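Here is a set of short exercises to work through with the structure in front of you. Try each task by yourself, then compare your steps with the solution below it.

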Amino acid sequence: MSMIVETAIVREIDAETIISPTATGRLLLDSSDTGGALSTIRMTLAEGADGAVPHHHTTSTELFYILEGKARVLAGATSIEGDS
């Protein structure tokens, strides 16, 4: 992983947008913009919508911030609920 040497800013209006029937995602920062250090995606899910399918990262960590509403996250065999 290389060091970040410049500031990376992507305005929401300029972000790549991914749209499905139950979700809208905006790619605010991609790892290619940060030397592999960070990716940032803002997702808006419809009530009851599924997010990402269960998966595992071997070389990175995933963080979730709930800005509004509730979410259930599967961590191993444990289901964790959170809300804003």
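**Exercise 1. Find the contacts of A71, then place the residue in the chain.**

Step 1. Set aside the neighbours within four places in sequence; A71 is then in contact with I66, I80, E81 and G82. Keep in mind as you look that this is a predicted model.

Step 2. Now find the element that holds the residue: A71 belongs to strand 4, which covers residues 70–75.

Step 3. Decide how open the residue is. Partly exposed covers the range between under 20% and over 50% relative accessible area. A71 has a relative accessibility of 27%, so A71 counts as partly exposed.

Step 4. Pick a residue elsewhere in the chain to set against A71. From C-alpha to C-alpha, A71 and D30 are 24 Å apart in space, with their positions 41 residues apart in sequence.

**Exercise 2. Describe the chain as a whole.**

Step 1. Count the elements: the chain has 0 helices and 5 strands. Reading along the sequence gives the pattern β-β-β-β-β.

Step 2. Take the dimensions. The C-alpha trace spans about 40 × 30 × 20 Å along its principal axes.

Step 3. Turn to burial and surface. Of the 84 residues in the chain, 6% are buried. The accessible surface is about 7,500 Å², and carbon and sulfur atoms account for 54% of that surface.

Step 4. Look at how contacts are spread along the sequence. Among contacts with a separation of 6 or more, 14% are between residues 24 or more positions apart.

Step 5. Finish with the charges. The chain has 5 positive and 12 negative charges, and their mean positions lie 6 Å apart.

**Exercise 3. Which strands stand at the edges of the open sheet of 3 strands, and why is one side of each left without a neighbour?**

Step 1. Write down the order of the open sheet: its 3 strands run 1-2-3, with antiparallel pairing.

Step 2. Look for strands with a single partner. Strand 1 (16–19) and strand 3 (40–45) each have a single partner strand and stand at the edges, so one side of each has no neighbour in the sheet.

Step 3. Add the twist, which averages 15° from one strand to the next.

**Exercise 4. Trace the pairing from strand to strand.**

Step 1. Begin with strand 1 and strand 2 (residues 23–29): they run antiparallel and are joined by 4 bridges. In this pairing E16 is opposite L27 of strand 2, and I19 has T24 of strand 2 as its bridge partner.

Step 2. Check the connection. Strand 1 and strand 2 form a hairpin, with 3 residues between them.

Step 3. Move on to strand 2 and strand 3, which pair in the antiparallel sense over 6 bridges. Here R26 stands opposite R42 of strand 3.

**Exercise 5. Is A15 buried or exposed?**

Step 1. Locate the residue: A15 sits in the segment before strand 1.

Step 2. Recall that buried means under 20% relative accessible area. The value for A15 is 8%, so A15 is buried.

Step 3. See what surrounds the residue. Beyond its neighbours within four places in sequence, A15 is in contact with V10, R26, L27 and L28.

Step 4. Take one of these contacts and compare sequence with space. A15 and L27 are 12 residues apart in sequence, and their C-alpha atoms are 5.6 Å apart.

**Exercise 6. Set P21 and T22 side by side.**

Step 1. Find both residues. P21 is in the loop between strand 1 and strand 2, and T22 is found in the loop between strand 1 and strand 2 as well.

Step 2. Classify each one. With a relative accessibility of 86%, P21 counts as exposed, while T22, with a relative accessible area of 39%, is partly exposed.

Step 3. List contacts for T22: leaving out its neighbours within four places in sequence, these are T44, L45, A46 and A49.

Step 4. End with two distances between C-alpha atoms. P21 and A49 are 28 residues apart along the chain and separated by 9.4 Å. T22 and E47 are 25 residues apart in sequence and 8.2 Å apart in space.

Conventions
Residues are numbered from 1 along each chain as its sequence is written. This is a predicted model: local features need pLDDT of at least 70, side-chain atom pairs count only at pLDDT 80 or more; totals for chains, interfaces and linings use all residues. Side-chain values use heavy atoms; hydrogens and water are left out. Helices (H or I, at least four residues) and strands (E, at least two) are DSSP runs, numbered from the N terminus. Buried means under 20% relative accessible area, exposed over 50%, partly exposed in between (1.4 Å probe, protein chains only). Contact means heavy atoms within 4.5 Å. Accessible areas come from the Shrake-Rupley method with a 1.4 Å probe; for residues, only the protein chains shown count as cover. Lys and Arg count as positive and Asp and Glu as negative; His and the chain ends are not counted. The place of a charge is taken as NZ of Lys, CZ of Arg, CG of Asp or CD of Glu. Two strands pair if DSSP finds at least two bridges between them. Axes are lines fitted to C-alpha atoms, for helices over the stretch in contact, and angles run from 0 to 180 degrees between N-to-C directions.
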